[in-house]
Amino acid sequence: MKIISQIKLPVEKEMELFEKKFFQSMSSQVALLNRITHYIVNRKGKQMRPMFVFLVAKMVSEGKVNERTYRGASVIELIHTATLVHDDVVDDSNRRRGFFSINALWKNKIAVLVGDYLLSKGLLLSIDNNDFDLLKIISVAVREMSEGELLQIEKARRLDITEEVYYEIIRQKTATLIAACCSLGAASVKPDSEDVEEMRRFGELIGMAFQIKDDLFDYGDDKIGKPTGIDIKEQKMTLPLIYALNNSDKKEKAWVINSIKNHNKDKKRVKEVIAFVKKKGGLDYATKRMEAFQEEALKILKNYPQSQFKDSLELMVNYVIERKK
């Protein structure tokens with residue numbers, strides 16, 4: 001059985017019902033909008049975010065979920081989808097998960113409006129049901145994701161990023177959404193409990209490990225979703241590179257920064273930078289940091305009684321760092 005199916009098993013029924021509710025939550029009076037949202041729903045990914053919501057909710061409440069849990073999962077998926085649609089416009093990307101992106105098929109203006117529509121649908125779903133605690137969790141995540149993106153853009157221009165700043169960028173950009181899924185799951189069934197903060201931290205740790213794994217893919221030769229060296233071409237400062245720079249002399253540092261700034265389209269030069277990062281131990285260091293985040297996440301799960309939901313979350317944590325793409 002595929003690992004994702006195995007993780008999903010204890011919440012399979014909830015996920016099926018969620019898909020129906022999620023599709024309903026997107027509906028509109030405008031035919032064009034319905035056509036686009038239908039296109040989005042039919043090309044969904046692994047749906048890790050709603051899975052986190054349901055698994056956490058069931059783990060902290062002895063297997064119970066309620067309508068708030070479904071709404072929480074729908075809101076997070078609406079808002080996540082909105083950010084993806086907007087991201088594709090910003091990156092001028094024509095593909096999303098192997099299919100045409102919304103902006104490629106319907107142009108930028110429509111894509112931006114669809115993103116705004118999904119965002120407002122998510123917010124209203126919470127407001128209409130007085131889920132203000134859930135709304136706060138999501139709103140903080142959206143704010144942090146925007147801040148993280150802008151911080152990364154600011155730092156990419158100057159290439160002066162420290163390890164601390166890097167962690168702050170990935171915490172905001174990637175980890176904050178997974179943290180929101182986990183705290184939403186807990187808040188939907190046990191509002192105002194300690195589990196809400198505990199699960200937020202758990203999700204944040206998984207998100208940090210997930211992003212470092214993504215950084216490592218840039219240096220791998222596996223057939224994965226993105227070509228090797230793409231982060232260097234885009235002048236993104238990732239953990240293996242930051243470590244290598246911190247452990248270089250002045251001359252080496254100047255060569256690496258010059259390569260990234262002025263020769264990032266030169267395939268041979270990019271390969272040389274990758275070889276340099278490997279030689280300096282950048283990959284080993286990043287792997288150790290990723291495993292430290294993974295261990296901390298698993299430690300939090302130890303505080304909860306044994307259940308199939310906890311088993312699935314443990315599987316999920318391990319999958320994040322063992323995945324091949």
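How many helices and how many strands are there in the chain? Colour this predicted model by secondary structure and you'll find 15 helices and two strands.

**Stop 1: the whole chain**

Stay zoomed out for a moment. The radius of gyration is 20 Å, close to the 20 Å that the globule rule gives for 325 residues, so the chain is as compact as a globular protein of that length. Along the principal axes, a box of roughly 60 × 50 × 35 Å holds the C-alpha atoms. If you turn on a surface, about 16,200 Å² is exposed, with carbon and sulfur atoms supplying 53% of it. Of the 325 residues, 51% count as buried. Take the contacts between residues at least 6 apart in sequence: 74% of them join residues at least 24 apart.

**Stop 2: helix α14**

Now select residues 282–301, which make up helix α14. Its 20 residues reach 29 Å from first C-alpha to last, close to the 28 Å expected at 1.5 Å a residue. Look down the axis next: the buried residues fall within an arc of 155 degrees, so they line one face of the helix. To light up that face, select G282, L283, A286, M290, F293, Q294, A297, L298, I300 and L301.

Which exposed residues sit on the face turned away from the buried side of α14? Show D284, K288, E295 and K299 as sticks and you have them.

Then bring in the neighbours. The buried residues of α14 pack against α4 (48–60), α8 (163–189), α9, α11 (239–246), α13 (267–279) and α15 (308–322).

**Stop 3: A286**

Stay in α14 and centre on A286. Its relative accessibility is 0%, which is why A286 counts as buried. Leaving out residues up to four places away in sequence, A286 touches I212, L216, L239 and P240. While you're here, pick K213 too: A286 and K213 are 73 residues apart in sequence, yet 8.3 Å apart in space, C-alpha to C-alpha.

**Stop 4: D195**

For the last stop, jump to helix α9, residues 194–217, and select D195. Is D195 buried or exposed? Buried: the cut-off is under 20% relative accessible area, and D195 comes in at 11% relative accessibility. What does D195 touch, not counting residues up to four places away in sequence? Show V60, A186, K190 and Y304 to see those contacts of D195.

Methods. Residues are numbered from 1 along each chain as its sequence is written. This is a predicted model: local features need pLDDT of at least 70, side-chain atom pairs count only at pLDDT 80 or more; totals for chains, interfaces and linings use all residues. Side-chain values use heavy atoms; hydrogens and water are left out. Helices (H or I, at least four residues) and strands (E, at least two) are DSSP runs, numbered from the N terminus. Buried means under 20% relative accessible area, exposed over 50%, partly exposed in between (1.4 Å probe, protein chains only). Contact means heavy atoms within 4.5 Å. The expected span of a helix is 1.5 Å times one less than its number of residues. The arc is that of the directions from the helix axis to the C-beta atoms. The radius of gyration is taken over C-alpha atoms; the globule rule is 2.2 Å times the number of residues to the power 0.38. Accessible areas come from the Shrake-Rupley method with a 1.4 Å probe; for residues, only the protein chains shown count as cover.
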